[in-house]
Amino acid sequence: MPKLRRAVEELSWLLTRGYPAKAALTLVGNRHALVDRQRKAVQRCAASDQAVAERRARLREPEALGGRELQIDGYNVLLTIEAAISGGLVLEARDGTFRDVAAMSRHYKRVASTAPALRHVGELLAGSGVSSVLWLFDRPISNSGRLARLLETTATEQGWPWRVELVANPDPLLRDSEELVATADSGILDRCGGWVNLARWVVESAIPEAWVVRFGAKSGLVDSFPRRTQDTRRENP
């Protein structure tokens with residue numbers, strides 16, 4: 001862990017000074033002899049000082065959802081919460097977001113944690129006063145249609161104001177949206193108008209046993225999301 005934290009600090013230092021991301025990651029990864037999975041974790045946790053500051057400026061608290069629509073980067077948020085429920089590794093990045101380390105493939109498979117993940121999201125958002133929720137999923141990923149039907153059925157049963165759309169690529173829609181968005185995708189966070197840290201909110205509020213390894217403590221970015229009193233999260237992989 002000390003080596004990985006040092007690698008995140010060094011990569012962030014290089015990014016802050018304008019070094020190309022790919023070359024900087026190679027340099028840091030080689031210096032610390034990191035394997036591919038470790039390099040992926042370092043890449044997902046690092047961010048330049050400028051990016052951290054700008055993302056923080058656009059971060060909105062849950063209270064901001066009252067009476068507004070929230071647009072969710074479906075797979076980005078859902079997979080992280082599924083990982084947390086299943087005991088998988090969740091990373092707190094330097095910008096304060098929670099990210100998993102699994103690579104998104106062209107295939108999605110519903111798992112045992114899918115329904116609980118949706119329930120946690122729905123229950124938290126139901127108490128936020130959000131007026132409507134739009135889930136955006138990548139149409140080219142297999143089983144997106146089945147997942148969309150599951151969300152629609154769940155929302156109907158629970159009376160949640162959810163809509164689901166399958167699109168070729170959610171990223172440009174979320175980047176240019178005038179509504180609040182929920183994602184941990186850095187490309188969206190760097191360009192969107194306002195965002196909420198939904199995956200982190202859900203994990204810290206509803207999944208206190210989640211395995212969270214933190215790389216964001218030195219960034220000064222601390223979210224004020226409500227947490228359960230008992231915190232049994234493991235800190236070491």
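**Helix 7, the two voids and some odd residues**

User: How do you know that the length of helix 7 (residues 144–158) agrees with its number of residues?

Analyst: At 1.5 Å a residue, the 15 residues of helix 7 should span 21 Å, and its end C-alpha atoms are 21 Å apart, so the two agree. Bear in mind that this is a predicted model.

User: Which residues of helix 7 are buried, and what makes them a face?

Analyst: The buried set is Ser144, Leu147, Ala148, Leu150, Leu151, Thr154 and Ala155. Look down the axis of helix 7 and those residues fall within an arc of 160°, which means they line one face of the helix. Over on the other side of helix 7, Arg146, Thr156 and Glu157 are exposed.

User: What covers the buried residues of helix 7?

Analyst: The cover includes two helices, helix 5 and helix 6 (114–126), along with two strands, strand 4 (132–138) and strand 5 (162–167).

User: And what follows helix 7?

Analyst: Glycine 159 does, and its phi is positive, near 75°.

User: Why is asparagine 143 called partly exposed?

Analyst: Its relative accessibility is 32%, and partly exposed runs between 20% and 50%, so asparagine 143 counts as partly exposed. Asparagine 143 sits in the loop between strand 4 and helix 7.

User: What makes the phi of asparagine 143 worth a look?

Analyst: Phi there is near 75°, a positive value in a residue other than glycine. Most residues other than glycine have a negative phi.

User: Where is alanine 33, and what is its phi near?

Analyst: Alanine 33 is in the loop between helix 2 and helix 3. Its phi is near 55°, again positive in a residue that isn't glycine.

User: Is alanine 33 buried or exposed, and why?

Analyst: Exposed: the relative accessible area of alanine 33 is 57%, and the label needs over 50%, so alanine 33 clears the bar.

User: Why does threonine 16 get the label it has, buried or exposed?

Analyst: With a relative accessible area of 17%, threonine 16 falls under the 20% cut-off, so threonine 16 is buried. Threonine 16 belongs to helix 1. Leaving aside neighbours within four places in sequence, threonine 16 is in contact with Ser48, Asp49 and Gln50.

User: Now the voids. How many cavities of 30 Å³ or more does a search of the whole structure find?

Analyst: One. The largest cavity holds about 50 Å³ of space. Its lining includes Asn76, Val77, Thr80, Phe98 and Leu198.

User: Which helices each supply at least two residues of that lining?

Analyst: Helix 5 (74–86) and helix 10 (198–206), with helix 5 giving the largest share at three residues. By class, the cavity lining has seven nonpolar, five polar and no charged residues.

User: What about the largest pocket: how much space lies in it?

Analyst: About 770 Å³. Its lining has 32 residues, with Arg44, Arg99, Ala184, Asp185 and Ser186 nearest the centre. Among the elements that give two or more residues to the lining are helix 1 (2–16), helix 4 (49–58) and strand 3 (98–100). Helix 5 gives the most, four residues.

User: How do the residues of the pocket lining divide by class?

Analyst: Into 14 nonpolar, seven polar and 11 charged. The cavity lining, for its part, has no charged residues.

Definitions and conventions:
Residues are numbered from 1 along each chain as its sequence is written. This is a predicted model: local features need pLDDT of at least 70, side-chain atom pairs count only at pLDDT 80 or more; totals for chains, interfaces and linings use all residues. Side-chain values use heavy atoms; hydrogens and water are left out. On a 1 Å grid over the protein atoms alone, a cavity is a set of points where a 1.4 Å probe fits but cannot get out, and a pocket is an open set with protein on both sides within 12 Å along at least five of seven lines; lining residues have an atom within 4 Å of a point. Grid points are joined across faces, edges and corners, and a volume is the space filled by probe spheres set on the points. Ala, Val, Leu, Ile, Met, Phe, Trp, Tyr, Cys and Pro count as nonpolar, Asp, Glu, Lys and Arg as charged, and the others, Gly among them, as polar. The expected span of a helix is 1.5 Å times one less than its number of residues. Buried means under 20% relative accessible area, exposed over 50%, partly exposed in between (1.4 Å probe, protein chains only). The arc is that of the directions from the helix axis to the C-beta atoms. Contact means heavy atoms within 4.5 Å.
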